Amino acid sequence: MENLKFKENKLFIIDQTLLPNEEKWVEITNKEQAYNAIKTLMVRGAPAIGIFAGYSMAIFSQNNDIYELKNYLDSSRPTAVNLSWATARIVKAYENGKNLIEEAIAIHNEDIEMCRKISEYALTLLHDGDGILTHCNAGELATSKYGTGLGPLILGKEMGYNFKVFSDETRPLLQGARLTSYELEKAGIDVTLICDNMASFVMKQGKINAVLVGCDRVAANGDTANKIGTSGVAILAEYYGIPFYVLGPYSTIDFNCSNGNDIEIEERDSEEIKNLYFEKSTALKETKCFNPAFDVTDHSLITAIITDKGIVRPPYNINLRKILND
């Protein structure tokens, strides 16, 4: 399932804000549209944002100062470390005299290989017939192919595994409902959509064997920035003795960020809580809302962090660095 196309020096994305009811491809023709696409979640998911940013930098630096362009795009989603990682890589390619389009294509191709490696590693921890809980969306729409959090499910389906997936709706943007359920249905995977506050109920019933989630940033000590509500799922998994796995590329590890307290959490428009996807407002106009896009899952709640370089277990402050040299 593609979320991005690059053809004849033109960049197209599927507008994820319209899914699952409409599949609309949009051409991105300038830096402002690129910024808006990231900011409004037309393109989303840390790896996908990185790929998109790579192409945007390569194309729009032809008519813009590349350093100013980097800073501009980086400001659209400060929590997603893949964004600044990709823009920095294009800047470095520019400084080394490389072809920027070729560098952006390399980022895209490397992500495909990265997703497959993450999926293969994660499959070694799962069993045919397992019940899996997911939160937010970390599949092909959020990456390039297979995905991170959903990657082992999609790859497993290709290999004959049969999982029973429970997808949290993931308020307020409903990525679990609109995107995860959509992707898994399209892939022919057994998926059941549940309200976010039903996670404990299905765990208590013994229907969940593992929790798989993606991440946007990993601190040096193993704390992870995930879609809002993920830390609550992790606490539930700890209580019920269920493995809680975080899946993401090694590039999401920010060794300049010592712990979760240093992760900048994006706060989004409060109106998303009351009005987005609703015909009428669900609360009074004067009712205040608090709408952080992410929360931080403490490293003590994470069973393993699964990267394209391998499976990392505690202590993360040691093993996240160690795996780079193995």
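**Unusual backbone spots, a helix pair and a cavity**

With a relative accessibility of 15%, leucine 174 falls under the 20% limit and so counts as buried. This residue belongs to a predicted model, and its backbone is a good place to start. Most residues other than glycine have a negative phi, and most peptide bonds are trans. Leucine 174 goes against the first of these habits, since its phi is positive, near 60°. It sits in the loop between β5 and α7.

That loop, which runs between β5 (164-168) and α7 (175-186), also holds proline 172. Here it is the peptide bond that stands out: going from arginine 171 to proline 172, the bond is cis, with omega near -5°. Another cis bond turns up further along the chain, joining proline 314 and proline 315, with omega at about 0°. Proline 315 is part of the loop between β14 (310-312) and α11 (316-325).

Back towards the start of the chain, glutamate 8 is not a glycine either, yet its phi is positive, at about 50°. Its place is the loop between β1 (4-7) and β2 (10-14). Is glutamate 8 buried or exposed? Its relative accessibility is 75%, which is over the 50% cut-off, so glutamate 8 counts as exposed.

Next come the helices. Two packed helices are described by the angle between their axes and the distance between the axes. For α1 (residues 31-39) and α2, the axes come within 10 Å and cross at roughly 170°. An angle over 145 degrees counts as roughly antiparallel, so α1 and α2 fit that label. Which residues make the contact? From α1 come Lys31, Ala34, Ala37 and Ile38, and they meet Ile49, Phe52, Ser56 and Phe60 of α2. Sorted by class, the residues of this contact are six nonpolar, one polar and one charged.

Helix α2 also has a part in the next feature, a cavity. Searching the whole structure for cavities of 30 Å³ or more gives one. The space in the largest cavity comes to about 260 Å³. Its lining is made up of 25 residues, and the closest to the centre are Arg44, Gly45, Cys136, Asn137 and Asp216. At least two lining residues come from each of α2 (46-60), β7 (210-214) and β9 (224-227). The biggest share is from α2, which gives three residues. As for the chemistry of the lining, 12 residues are nonpolar, eight are polar and five are charged.

Methods. Residues numbered from 1 in each chain as written. Predicted model: local features only at pLDDT ≥ 70, side-chain atom pairs only at ≥ 80, totals over all residues. Heavy atoms only, no water. 1 Å grid on protein atoms, 1.4 Å probe; cavity = no way out; pocket = protein on both sides within 12 Å on 5 of 7 lines; lining within 4 Å. Points joined across faces, edges and corners; volume = space filled by probe spheres on them. Helix = DSSP H or I, 4+ residues; strand = E, 2+ residues; numbered from the N terminus. Nonpolar A, V, L, I, M, F, W, Y, C, P; charged D, E, K, R; others polar. Axes fitted to C-alpha atoms, helices over the stretch in contact; angles between N-to-C directions. Parallel < 35°, antiparallel > 145°, perpendicular 65-115°, else oblique. Contact = heavy atoms within 4.5 Å. Buried < 20%, exposed > 50% of the residue type's maximum accessible area, 1.4 Å probe, protein only.
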